[in-house]
Amino acid sequence: MIDAPPQQVFDVLADGWTYSDWVVGTVHVRDVDAQWPRVGTRLHHRAGPWPFSLEDASTVLVCDPPHRLVLRAGLWPAGEAIVVFTLTPEGDGATRVRITEDFSAGPLRWFRTKLNDLVLHQRNRETLRRLADIATRQKADEHAER
């Protein structure tokens, strides 16, 4: 649960330059297509620890602001995943954010185990904590400006 309305949370998702701030494993955003997060646009990133980090891109498959964003996240040669962010309004100005991530191609798809699922779950929990920090900080900044 994030103490910010869905549009405010989606605004963070819509700012591709912040992904390395909150997506665990993304260490650098190299470029973001000008129309991000329009369907078909790409966010060019580097993921993983140096010196083993990989350069690839994530592509928007579905964009339904402020409710849903679906990405194909590339990490070749390891593979790619479909990542779905679902934002649901809750109570007075809060948002329930759900991340689902499933390997859709490449070697990672074949090595799926309970251990990998647990690691992915913990990674996504931390990703959500970081997303919440940014979204709620923006909410606090808005209140300070008023």
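## Exercises on a predicted model

Leaving aside neighbours within four places in sequence, H44 is in contact with H28, V29, R30, D31, D33, D56 and A57. The model is predicted. Work through the tasks with the structure open.

**Exercise 1. Place H44 and decide whether H44 is buried or exposed.**

Solution.
- Start with the element. H44 sits in strand β2, which covers residues 42-47.
- Take the relative accessible area. For H44 the value is 18%.
- Apply the cut-off. Buried means under 20%.
- Conclude. At 18%, H44 is therefore buried.
- Now look for a polar partner. The H44 side chain makes a polar contact with the side chain of D33, at 3.4 Å.
- D33 also appears among the contacts of H44, together with residues including D31 and D56.

**Exercise 2. Treat S53 likewise: which element or loop holds S53, and which side chain does S53 meet in a polar contact?**

Solution.
- S53 belongs to the loop between β2 and β3 (54-64).
- Its relative accessible area is 14%. The limit for buried is under 20%, so S53 is buried.
- The polar contact runs to the side chain of R46, at 3.5 Å.
- Beyond four places in sequence, S53 is in contact with R46, A47 and G48.

**Exercise 3. Write down the order of elements in the protein.**

Solution.
- Count by type. There are 4 helices and 6 strands.
- Read from the N terminus. The order is α-α-β-β-β-β-β-β-α-α.
- Add the burial total. Of 146 residues, 38% count as buried.
- Add the contact range. Among contacts with a separation of 6 or more, 38% join residues 24 or more positions apart.
- Finish with the surface. The protein exposes about 8400 Å², and carbon and sulfur atoms supply 54% of it.

**Exercise 4. Which residues touch the most other members of the largest nonpolar core, and which elements give two or more residues to it?**

Solution.
- The core has 25 residues. L13, Y19, W22 and F85 touch the most other members.
- Two or more residues come from each of α1 (6-13), α2 (19-22), β1 (26-32), β4 (68-74), β5 (80-90), β6 (94-105) and α4 (114-145).
- Check F85. Past four places in sequence, the contacts of F85 include L13 and W22. Others among them are L69, L71 and I99.
- Check α1. This helix is mostly covered, with 6 of its 8 residues buried.
- Name them: P6, Q8, V9, F10, V12 and L13.

**Exercise 5. Which residues lie nearest the centre of the second largest pocket, and which element gives the largest share of its lining?**

Solution.
- Begin with volume. The second largest pocket holds about 390 Å³ of space.
- Go to the lining. Of its 15 residues, I99, H121, N124, R125 and L128 lie nearest the centre.
- Assign elements. β6 and α4 each supply at least two lining residues.
- Pick the main contributor. α4 gives the largest share, 8 residues.
- Recall the helix rule. An α-helix has 3.6 residues a turn, so residues three or four places apart point the same way.

**Exercise 6. Is Q122 buried, partly exposed or exposed, and how many residues separate Q122 from V24 along the chain?**

Solution.
- Q122 lies in helix α4.
- Its relative accessible area is 37%. Buried stops under 20%, and exposed begins over 50%.
- Q122 is therefore partly exposed.
- Along the chain, Q122 and V24 are 98 residues apart. In space, their C-alpha atoms are separated by 9.9 Å.

Note on methods:
Residues are numbered from 1 along each chain as its sequence is written. This is a predicted model: local features need pLDDT of at least 70, side-chain atom pairs count only at pLDDT 80 or more; totals for chains, interfaces and linings use all residues. Side-chain values use heavy atoms; hydrogens and water are left out. Buried means under 20% relative accessible area, exposed over 50%, partly exposed in between (1.4 Å probe, protein chains only). A polar contact is a pair of N or O atoms within 3.5 Å; within protein, one must be able to donate a hydrogen and the other to accept it, and residues adjacent in sequence count only if both atoms are side-chain atoms. Contact means heavy atoms within 4.5 Å. Accessible areas come from the Shrake-Rupley method with a 1.4 Å probe; for residues, only the protein chains shown count as cover. A nonpolar core is a set of buried Ala, Val, Leu, Ile, Met, Phe, Trp, Tyr and Cys residues joined through side-chain atoms within 4.5 Å. On a 1 Å grid over the protein atoms alone, a cavity is a set of points where a 1.4 Å probe fits but cannot get out, and a pocket is an open set with protein on both sides within 12 Å along at least five of seven lines; lining residues have an atom within 4 Å of a point. Grid points are joined across faces, edges and corners, and a volume is the space filled by probe spheres set on the points.
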